[in-house]
Amino acid sequence: MDTVVSGIRSTGNLHLGNYFGAIKNFLKMQNENNCFFFIADYHALTTHPKPDDLHGNIKQVLAEYLACGIDPEVATVFVQSDVPEVSELYLLLNMNAYVGELERTASFKEKIRKQPDNINAGLLTYPVLMAADIIIHKANKVPVGKDQEQHLEMTRRFARRFNMMYSVSYFPEPDAYNFGKQLIKIPGLDGTGKMGKSEGNGIFLADSPQEIKKKVMRAVTDTGPTAPDQEPSEPVKNLFTIMNVVSEPSTVKHFTDSYAACTIRYGDLKKQLTEDIVKFTEPIRVRINDILNDKVYLHKVVSAGAEKARESASKTVREVREIIGYRPF
Ligand code: AMP
């Protein structure tokens with residue numbers, strides 16, 4: 001049995017990228033493995049949310065997680081800040097993480113570009129906290145999207161460095177995981193980069209059918225293929241990538257064939273894509289609203305999750321302290 005850890009920042013609603021990059025894999029694993037699923041609300045502080053927003057976002061993301069089918073009866077579902085042990089491991093790991101390697105992280109460089117007025121130390125040490133989240137439960141597998149590949153490599157490095165430094169084989173080196181073998185990247189609808197929470201290019205699980213329609217119909221395309229078997233442009237490829245995860249294979253084939261034959265009409269493609277996305281998200285959206293209204297259930301889930309996660313985390317921190325040399329008098 002593997003130990004699996006997966007997390008999502010509580011900085012905005014879940015989108016199709018989160019679902020197909022991480023959650024879908026986790027759903028396939030939760031019944032056979034020792035699974036931990038958490039809301040990364042310490043990480044969320046790097047963007048300085050207001051106190052009321054912080055709480056509201058945690059609740060929303062939790063409800064969205066559960067609505068996707070994460071089962072708190074089999075997986076440990078918890079909120080990061082309910083497990084303060086992680087902040088101690090984060091502190092300890094920070095002593096063996098080097099500023100140079102943190103500064104070279106692609107996500108840090110991107111954040112510098114995006115929020116030049118708020119380059120806080122939390123952003124720099126973001127991968128260390130992420131590593132602590134993962135190795136505190138001694139995870140072997142972490143279902144993530146392609147965008148997290150580098151962070152996972154750093155997690156492996158921090159685990160290996162700890163083991164070497166203290167001549168132990170204490171932490172496993174966790175693998176970034178996807179059932180399809182390759183990590184995936186769901187693109188945005190704007191013809192560039194990945195779908196993201198703050199990129200303004202996402203389709204959210206909580207979006208209404210009208211919102212989804214508006215977004216898909218506005219998606220960037222091109223003037224259409226002019227020669228048989230022409231390579232699609234980036235924005236059109238992106239629409240096909242999304243279609244690949246939400247539509248039936250026969251639908252994808254129909255549009256791939258009509259693209260190759262230069263008979264495709266992007267209006268039809270978008271209409272079909274809208275329909276298939278709505279078919280996929282609508283049941284989740286209904287469950288999100290039901291769960292959000294059930295305060296007793298939400299409280300029960302996070303309390304039980306915190307207790308189970310703390311049990312696992314405090315054992316690790318106790319053993320790590322011992323390895324480092326903090327011994328009882
Ligand atoms: P975040 O939204 O950055 O907290 O990411 C949470 C999880 O969703 C991570 O495992 C990411 O790898 C995954 N993820 C986020 N955006 C995408 C995307 N566009 N494609 C695939 N996976 C993604």
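The paragraphs below lead from the nonpolar cores of this predicted model to one of its helices, and then to a few single residues.

A good place to begin is the interior. The largest nonpolar core has 56 residues, and within this core the residues with the most contacts are Ile 23 and Ile 277. Helix α12 supplies the largest share of this core, 9 residues, and the core as a whole takes at least three residues from each of domain 1 (3–184 + 294–324) and domain 2 (209–289). To see what surrounds Ile 277, one can set aside its neighbours within four places in sequence; the residues in contact with Ile 277 are then Leu 16, Ile 203, Ile 212, Val 216, Ile 242 and Val 246. There is also a second, separate core, which has 38 residues and includes Phe 36, Val 86, Ile 135 and Val 320.

From the cores we turn to helix α11, which spans residues 249–260. This helix has 12 residues and reaches 16 Å from its first C-alpha to its last, close to the 16 Å expected at 1.5 Å a residue. Its buried residues are Thr 251, Val 252, Phe 255, Ser 258 and Tyr 259, and because they cover an arc of only 135° around the axis, they lie on the same side of α11. The spacing follows a general rule: an α-helix has 3.6 residues a turn, so residues three or four places apart point the same way. The buried residues of α11 pack against two other helices, α10 (234–246) and α12 (266–292), while the face turned away from the buried side carries the exposed residues Pro 249, Ser 250 and Lys 253.

After α11 comes Cys 262, a residue with a positive phi, near 65°. Is Cys 262 buried, partly exposed or exposed? Its relative accessibility is 27%, and therefore Cys 262 counts as partly exposed. Another cysteine, Cys 68, has a relative accessibility of 7% and so counts as buried. The structure holds 0 disulfides; Cys 68 is accordingly in no disulfide, and the nearest cysteine sulfur, that of Cys 35, is 15 Å away.

Positive phi values also occur in loops. His 48, although it is not a glycine, has a positive phi of about 55°, and its place is in the loop between β2 (34–40) and α2 (51–68). With a relative accessibility of 54%, His 48 counts as exposed, because the cut-off for exposed residues is over 50%. Ser 167, likewise a residue other than glycine, has a positive phi near 50° and lies in the loop between α8 (149–165) and β5 (175–177). At 68% relative accessibility, Ser 167 also counts as exposed.

The last stop is a loop residue that is not exposed. Asn 96 is found between α3 (85–94) and α4 (99–103), and at 11% relative accessibility this loop residue counts as buried. Which residues does Asn 96 touch, not counting residues up to four places away in sequence? They are Glu 101, Arg 161, Met 165 and Tyr 166. For a view across the structure, the reader can look from Asn 96 to Asp 268: the two are 172 residues apart in sequence, and their C-alpha atoms are 55 Å apart in space.

Technical notes. Residues are numbered from 1 along each chain as its sequence is written. This is a predicted model: local features need pLDDT of at least 70, side-chain atom pairs count only at pLDDT 80 or more; totals for chains, interfaces and linings use all residues. Side-chain values use heavy atoms; hydrogens and water are left out. Helices (H or I, at least four residues) and strands (E, at least two) are DSSP runs, numbered from the N terminus. The expected span of a helix is 1.5 Å times one less than its number of residues. Buried means under 20% relative accessible area, exposed over 50%, partly exposed in between (1.4 Å probe, protein chains only). The arc is that of the directions from the helix axis to the C-beta atoms. Contact means heavy atoms within 4.5 Å. A disulfide is a pair of cysteine sulfur atoms within 2.5 Å. A nonpolar core is a set of buried Ala, Val, Leu, Ile, Met, Phe, Trp, Tyr and Cys residues joined through side-chain atoms within 4.5 Å. Domain bounds come from an automatic or database domain assignment.
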